[in-house]
Amino acid sequence: MRVASIDIGTNTILMLIADLAENGTLTVLSDEQRIARVGKGVDKTGAIAWEAFSRSESILEEYLATARSMRVDVIRATGTSALRDAHNREDYLNYMQQRLDLDIEILDGADEALWTYGGAISGFTERKGRFAVLDIGGGSTELTSGEGFRIIERKSLDIGCVRLTEKFLPHSPPREQELLALIDHVDHAVRQFPHFDVHDTVFVGVAGTVTTLAAVELGLESYDRNAVAGFRLSRETIERRYRQFSALSKEELQHALRIDPGRADIILVGVVILLRFMTARGLPDVTVSERGLRYGIALREWERELERSTMS
């Protein structure tokens, strides 16, 4: 079966198109992402701005045209933190349904963590061991620990790059007191994440913060998912990038990030969340995964199809 899995996040809208064989093997045909900033201002106003409706519609219209041209069997669109929080989410859902004939499923934080974990470890050839997957999003961050595909614990917290940038970092470069307030908030939050044995667990990071850091470290001129996948970022490297990024303006960061300049205004918060969590847990490094929620949802659709065929 061929699946188009669309992930409408607080910062980006991503779409995976993949073929899934009968044994669940996933072959990527297309994987793209665009910044829509759906969650801009949601933490303050509680509502998705009209401009975000328009940005989303434009991106989703292009995605759907691509999916239909590739003759997908199933299209699934999911929404996460911004759509969970916004009081006008029903307006957003109705708008996309009426304009694009697209139904969007809103995931709660636990389900977002569950399917992100499954998507992330699907990229590993050896999946029998213990994993902990950290997903730093625009509105929320999830940590899920498990053994193979079996989930042990999961937790979603409202600490995300867009949300905390708007709340704590109004200046660029940020002022010292702003950074200290951000770090204090993050330190308090990450203590709520479940614990896991750091000695026998592979610590995995997904989403834009870790993939962008990996691309910068690799010196990539254009994004190469094969190079980024499996790259290991040491805590020392992340700390060095924190010191560098916290001294730069948004314009200077756009130049430093090169292949992903649209992330320049929020990357510092992602680095702070990653660094403070790793420091608190004594984690020496993080393995980068370029997979995530959209992969997990594609696998969920394969499981559903398998159940239907078994029952028929």
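# Loops, sheet and helices

Trainee: In which loop does A207 lie?
Mentor: This is a predicted model, and the place can be read from the elements on either side of the residue. A207 lies in the loop between β9 and α8 (208-218).

Trainee: What is the phi of A207, which is not a glycine?
Mentor: The sign is the point to look at here. For A207, a residue other than glycine, phi is positive, at about 85 degrees.

Trainee: Is A207 buried, partly exposed or exposed?
Mentor: Buried means under 20% relative accessible area, and exposed means over 50%. A207 has a relative accessible area of 25%, so it counts as partly exposed.

Trainee: Which loop holds R71, and does R71 count as buried or exposed?
Mentor: R71 sits in the loop between α2 (50-69) and β4 (74-79). Its phi is positive too, near 55 degrees, and R71 is not a glycine. The relative accessibility of R71 is 71%, so R71 counts as exposed.

Trainee: Which two residues does the cis peptide bond with omega of about 0 degrees join?
Mentor: Look in the loop between α6 and α7 (176-190), where P173 lies. The cis bond, with omega about 0 degrees, joins S172 and P173.

Trainee: What is the strand order of the open sheet of 6 strands?
Mentor: The pairing in this sheet is mixed. The edge strands, each paired on one side only, are β8 (150-157) and β10 (232-234). From one strand to the next, the twist averages 25 degrees. Read across, the order is β8-β7-β6-β9-β11-β10.

Trainee: Which residue in β8 stands opposite T144?
Mentor: Strand β7 (residues 141-147) and β8 run antiparallel and are joined by 7 bridges. Opposite T144, in β8, stands R154.

Trainee: In which sense do β9 and β11 pair, and in which sense do β10 and β11 pair?
Mentor: Take V204 with its bridge partner T287 in β11, and L233 with its bridge partner V286 in β11. Over 2 bridges, β9 and strand β11 (residues 285-288) pair in the parallel sense. Over 3 bridges, β10 and β11 pair in the sense called antiparallel.

Trainee: What angle does the direction of helix α5 make with that of β7?
Mentor: Helix α5 (residues 109-121) packs on the sheet, touching β6 (130-136), β7, β8 and β9 (201-206). Its direction makes an angle with that of β7 of about 55 degrees.

Trainee: How are α6 and α12 oriented to each other?
Mentor: Two packed helices are described by the angle between their axes and the distance between the axes. Helix α6 (residues 161-168) and helix α12 (residues 267-281) pack at about 105 degrees, with axes 8 Å apart. Angles of 65 to 115 degrees count as roughly perpendicular. Therefore α6 and α12 are, to each other, roughly perpendicular.

Trainee: How many residues of the contact of α6 with α12 are nonpolar, polar and charged?
Mentor: On α6 the contact is made by C161, L164 and T165, and on α12 by V269, G270 and I273. Glycine counts among the polar residues. The division is 4 nonpolar, 2 polar and no charged.

Trainee: How far apart are the end C-alpha atoms of helix α13?
Mentor: Helix α13 (residues 293-311) has 19 residues, and at 1.5 Å a residue it should span 27 Å. The expected span uses one less than the number of residues. The end C-alpha atoms agree with this, being apart by 27 Å.

Methods
Residues numbered from 1 in each chain as written. Predicted model: local features only at pLDDT ≥ 70, side-chain atom pairs only at ≥ 80, totals over all residues. Heavy atoms only, no water. Axes fitted to C-alpha atoms, helices over the stretch in contact; angles between N-to-C directions. Helix = DSSP H or I, 4+ residues; strand = E, 2+ residues; numbered from the N terminus. Parallel < 35°, antiparallel > 145°, perpendicular 65-115°, else oblique. Contact = heavy atoms within 4.5 Å. Pairing = 2+ DSSP bridges. Buried < 20%, exposed > 50% of the residue type's maximum accessible area, 1.4 Å probe, protein only.
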